[in-house]
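User: I should like to learn how to read a model of this kind. Could we take the features in turn?

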2 protein chains.
Amino acid sequence: MAEHAPPASPEHEEKLERLLGIAAEIFAEKGYHAASIRDLSKRAGVSLSGLYYYFHSKQELLLMIQERSLRKVMDELSRKLEGVDRPEEKLRTLVHNHVGFFAENMAAMRVITHEYDALEGECRARMRQLRREYSNLCQEILREVRRFTSAGDVAPLNVATSALFGMMNWIYAWYTPGSNVPVERLAEHLYRLFTGGFIGHPSTSSAGRKAG
Amino acid sequence: MAEHAPPASPEHEEKLERLLGIAAEIFAEKGYHAASIRDLSKRAGVSLSGLYYYFHSKQELLLMIQERSLRKVMDELSRKLEGVDRPEEKLRTLVHNHVGFFAENMAAMRVITHEYDALEGECRARMRQLRREYSNLCQEILREVRRFTSAGDVAPLNVATSALFGMMNWIYAWYTPGSNVPVERLAEHLYRLFTGGFIGHPSTSSAGRKAG
């Protein structure tokens, strides 16, 4: 067993994707520490030794789920950003891309947000690096938005970036795709809520000035 | 063993609070399912039968952590809202109260956000009810803010409420109290970011209008 994967064939890739999807569901339901490779074997209908053809350890499995999901989000974003010049449109693209992907991949999102701490050593370092890249990209877009608008200094860029990710990532806790609001509209609401605040509304420069 | 707590004395209450704090740390570190009452017994230096004087089951322990934390947040908010009339000031009070409490109680916050699904049956129903009360309170304040300002219809109230909770709750994932920004300032940034967007900036009515 534990024979390592050769250069991936389309069949290998397809089967791996299916396994990662099922594993993400199991980790999302039970939590990483309480879940076992045996659970995956049972639900996927693949023997334990068969699974080790795709990954060597539970840690590697966890890393693959997180890394591949985030890479997909980032690759898709790069593709969509081609030819987009206006900073606010870039930000809009980022929000729609992020919310759109994760509304379709709630289990993976939950694993990324809840089980990052469960990554150890080298696995954690790799994911940390990737998250940082994505966060930096977002921060760069926010910097541009601020530069090209009358945006005041409502919040430092790192706080604004984290606030935006909070808004977007929190959807796993309350949003049910298909019900409530359609995903596209949800993304647009979040984009507007965030951008309006980030660019700065004149009446937010001090607290509680208007009503009452 | 499993003798139930009589009307709580101050000593009982104090010891229970200490145990809940330690249990929150353990659940936050390992996740609910992977953690055991034995872990708590070891770290707290209290025998298993001693622990059952304070709660009957791991589920009851999980509920107590979540319910007591959220009740504290809500009670403190009610107290602070007394005599506050201006809707934006109410919202500001809510944000400062929430962020302030959870920045000081990161483990409890993590348990509330990550381990809500781990609650079962009656425990889940009780916590669901309490979360709904808190969310409704927040939504009522947002409704007032909208009514008393020139707020446009940037987002439906339930989406806006969830976006605000996302911004606030996500701090457990990136914020280190003491480092970065002081808590008070962080809360003010989040308040302004959210309120500016919620009340609606004139230039956010359509996307990407300004720069480029």
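The discussion below concerns confidence, symmetry, the interface, a helix pair and a residue.

User: What does the model score for ipTM and pTM, and what is the mean pLDDT of chain A?

Analyst: This is a predicted model, and its scores are ipTM 0.84 and pTM 0.86. Chain A has a mean pLDDT of 87, with 89% of its residues at 70 or more. In residues 201–212 of chain A, however, the pLDDT is below 50, although this stretch has 30 contacts in the model beyond near neighbours in sequence. Where pLDDT is low, predicted coordinates should not be read in detail.

User: Which turn and shift lay chain A on chain B?

Analyst: A turn of 180° with a shift of 0.0 Å along the axis lays chain A on chain B, at an RMSD of 0.0 Å. That is the relation of a two-fold axis. Of the residues of chain A, G197(A) comes closest to the rotation axis, its C-alpha lying at 1.9 Å.

User: How many residues does each chain give to the contact, and which helix of chain A supplies the largest share?

Analyst: The size of an interface is often given as the accessible area lost when the parts come together. Here one may count residues instead: chain A and chain B contribute 49 residues each. On the side of chain A, helices 5, 6, 8, 9 and 10 each supply at least two residues. Helix 10 of chain A provides the largest share, 11 residues. By class, this side of chain A has 23 nonpolar, 18 polar and eight charged residues. Because 100% of the interface residues of chain A are also interface residues in chain B, the copies meet through the same surface.

User: At what angle do helix 5 and helix 7 of chain B pack, and which residues meet?

Analyst: A helix pair is described by its angle, axis separation and handedness. Helix 5 (residues 87–104) and helix 7 (residues 121–147) of chain B pack at about 150°, with axes 8 Å apart, and the crossing is left-handed. P87(B), E88(B), K90(B), L91(B) and L94(B) of helix 5 meet C138(B), I141(B), L142(B), E144(B) and V145(B) of helix 7. By class, this contact has seven nonpolar, no polar and three charged residues.

User: Is V99(A) buried or exposed, and why?

Analyst: V99(A), which lies in helix 5 of chain A, counts as buried because it has 23 C-beta neighbours inside 10 Å, where the cut-off is 20 or more. Leaving aside residues up to four places away in sequence, V99(A) touches M168(A), I171(A), V183(A), L186(A), A187(A) and L190(A). V183(A) is 84 residues from V99(A) along the chain, yet their C-alpha atoms are separated by 7.4 Å.

Terms used:
Residues are numbered from 1 along each chain as its sequence is written. Chains are lettered from A and ligands numbered from 1 in the order in which they are written. This is a predicted model: local features need pLDDT of at least 70, side-chain atom pairs count only at pLDDT 80 or more; totals for chains, interfaces and linings use all residues. Two residues are in contact if their C-beta atoms, placed from the backbone, lie within 7 Å. Helices (H or I, at least four residues) and strands (E, at least two) are DSSP runs, numbered from the N terminus. Ala, Val, Leu, Ile, Met, Phe, Trp, Tyr, Cys and Pro count as nonpolar, Asp, Glu, Lys and Arg as charged, and the others, Gly among them, as polar. Axes are lines fitted to C-alpha atoms, for helices over the stretch in contact, and angles run from 0 to 180 degrees between N-to-C directions. A crossing is left-handed if the near helix is turned anticlockwise from the far one by less than a right angle, and right-handed if clockwise. pLDDT is the predictor's confidence in each residue, from 0 to 100. A residue is buried if 20 or more other C-beta atoms lie within 10 Å of its own, exposed if 12 or fewer, and partly exposed in between; C-beta atoms are placed from the backbone. Copies are superposed by least squares on the C-alpha atoms of residues with pLDDT of at least 70 in both.
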